[in-house]
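User: Hey, can you walk me through this one? I'd like to start with the empty spaces.

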Amino acid sequence: MALMHRFHISQGNVTYSSRFLRSDSFVRNSEKERIVVSEFGTMAMPDPCKNIFSRFFSRFQIPSACVCATDNASVHFVKYKGDFYVSTETNYMRRIDPQSLETKEKVDWTQFIAVNSATAHPHYDREGATYNMGNSYGKNGFFYNIIRVPPPGEEDKGATGDAADLSGAKVICSIRAAEPRKPSYYHSFVMSENYIVFIEQPIKLDLMKLMLYRIQGKSFNKVMTWEPQTETIFHLVNRHTGEESKVRYSAAPMFALHQINAFEDNGFLVMDMCCGDDGQLIGDFTLDNLRRTSGEEMDKFYNTMCRNLPRRYVLPLTVDQSAGPDQNLVTLRNYTATAMARRQGEVHLTHEELHDDQLLQYGGLEFPQINYERCNGRLYRYFYSCGFGHVFSDSLLKMDVNTKELKVWRHPGLYPSEPVFVASPGATEEDDGVILSVVITPREDKSTFLLVLDAKTFTELGRAEVPVNVPYGTHGFFNEMG
Ligand SMILES: [Fe+2]
């Protein structure tokens, strides 16, 4: 169940508070004293008080929160029109009060625009608009939609100021799924100053299995299939006009969850992301695997897992029709990624590794963060991330994408969450600021703490210890209160 944490930093003091999200799922599970609403990796237990038929009907007649989608928004804090919400990957979000962590109303995307879901990783432009992606399906097929929610004040329609307001939200582009019954799963996307890139990857959602899952109560990851016979397609969309490029950009099968950044460079779009070659990985993040005993068995399991590593792709924004087959269209010297012309209007991409061998000793890499305010969509030099030396992340990493130099914070037995970059007031350099991360440990002689690192040197500036157990978290958000 989603537990919201808050570290309030003021006048040199840090105060910690946490609160469970009072979602419908939370209330329903609490009443039954166990999990009765299926989640991404959790199968709801059948209710022993009901026979199989009543169980079937309970899933189809109880309001949609219990049947189709959970509102246990445990993935990320997001912001629309100045308001904070918590989000997962269903059609529901919950508005929250970032000061008191109070749960406000449930918001259903379908009441605002024709989408059935939205990711927990929207992007924000410098004017205050929020961009996200969500699915829609109907008799015309399955579509991946790019959504724009305007800045606060623009296109407000009678919002009272104390109610969820997504007025003015629009679908600016709909991309038809290559396979209508097996659309791709995606967790995030990239946005440059003028473009959004959506990756249609060979991790597929089997819609037929999804229907069955609703009846059988299987967890969501069971409906995903890895189909490496399918190419990965990059969809390039102009975010101002909503127009999709006519060029078909393909790449070898890949599995990506978190994108790092994208920027335009002299007629090319450069995009960086965390990628792996084996999408079976997504089925490995189960409680059963987590509960494996540590030591040799765990190491053996972990060492067979695919590790996501940072990669760079370079897309030519226009393709010269006279380009010959197998001509590399990436003409900028500072990139080794290639974009090979194929048939008319088709380009095949190969990536550049955005790391050297030094990274491999820290395992895979995920939860990338940048100096978002300054660098999102623009040329940048540094990203920060978690190193996965185990099923949990056990290091924090800073990568210089120009030199591939790595800075590392790692202490055995300490497990840090996503590093959140906060710029110094008046900073002039990209990495002038601090990194915040919540560090947990199973060691009884150590406590959980909020870690503060100097983002430039990656040395510890301080820590605020929390005298209670805190579960492992994923994404975080920094907000400067007035
Ligand atoms: Fe995520």
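Analyst: Sure, one term up front: Ala, Val, Leu, Ile, Met, Phe, Trp, Tyr, Cys and Pro count as nonpolar, Asp, Glu, Lys and Arg as charged, and the others, Gly among them, as polar. This is a predicted model, where local features need pLDDT of at least 70 and side-chain atom pairs pLDDT 80 or more, while totals for chains, interfaces and linings use all residues. Residues are numbered from 1 along each chain as its sequence is written, and side-chain values use heavy atoms, with hydrogens and water left out.

User: OK, how many cavities of 30 Å³ or more are there?

Analyst: There are 3. A cavity is a set of points on a 1 Å grid over the protein atoms alone where a 1.4 Å probe fits but cannot get out; a pocket is an open set with protein on both sides within 12 Å along at least five of seven lines, and lining residues have an atom within 4 Å of a point.

User: What lines the second largest cavity?

Analyst: Y185, Y186, H187, S188, I199, Q201, A256 and Q259 do. By class that's 4 nonpolar, 4 polar and no charged residues, around about 50 Å³ of space (the volume filled by probe spheres set on the points, which are joined across faces, edges and corners).

User: And how much space lies in the second largest pocket?

Analyst: About 1300 Å³. Its lining has 47 residues, with Y124, Y372, E373, F477 and F478 nearest the centre. The lining of this second largest pocket splits into 22 nonpolar, 18 polar and 7 charged residues.

User: Why does the second largest pocket lie between domain 1 and domain 2?

Analyst: Because domain 1 (1-175) and domain 2 (177-354) both give residues to its lining. Those bounds come from an automatic or database domain assignment.

User: Switching topic: which residues are the protein donors of the iron ion?

Analyst: H121, H187, H258 and H475, each through NE2, lying 2.1 Å from the iron ion. Donors are N, O and S atoms within 2.8 Å of the metal (3.2 Å for Na, K and Ca), and the site may look incomplete because water is not among the atoms. Along the chain, the iron donors are spaced H-x65-H-x70-H-x216-H.

User: Are H121 and H475 buried or exposed?

Analyst: Both H121 and H475 are buried, meaning under 20% relative accessible area (exposed is over 50%, partly exposed in between; 1.4 Å probe, protein chains only).
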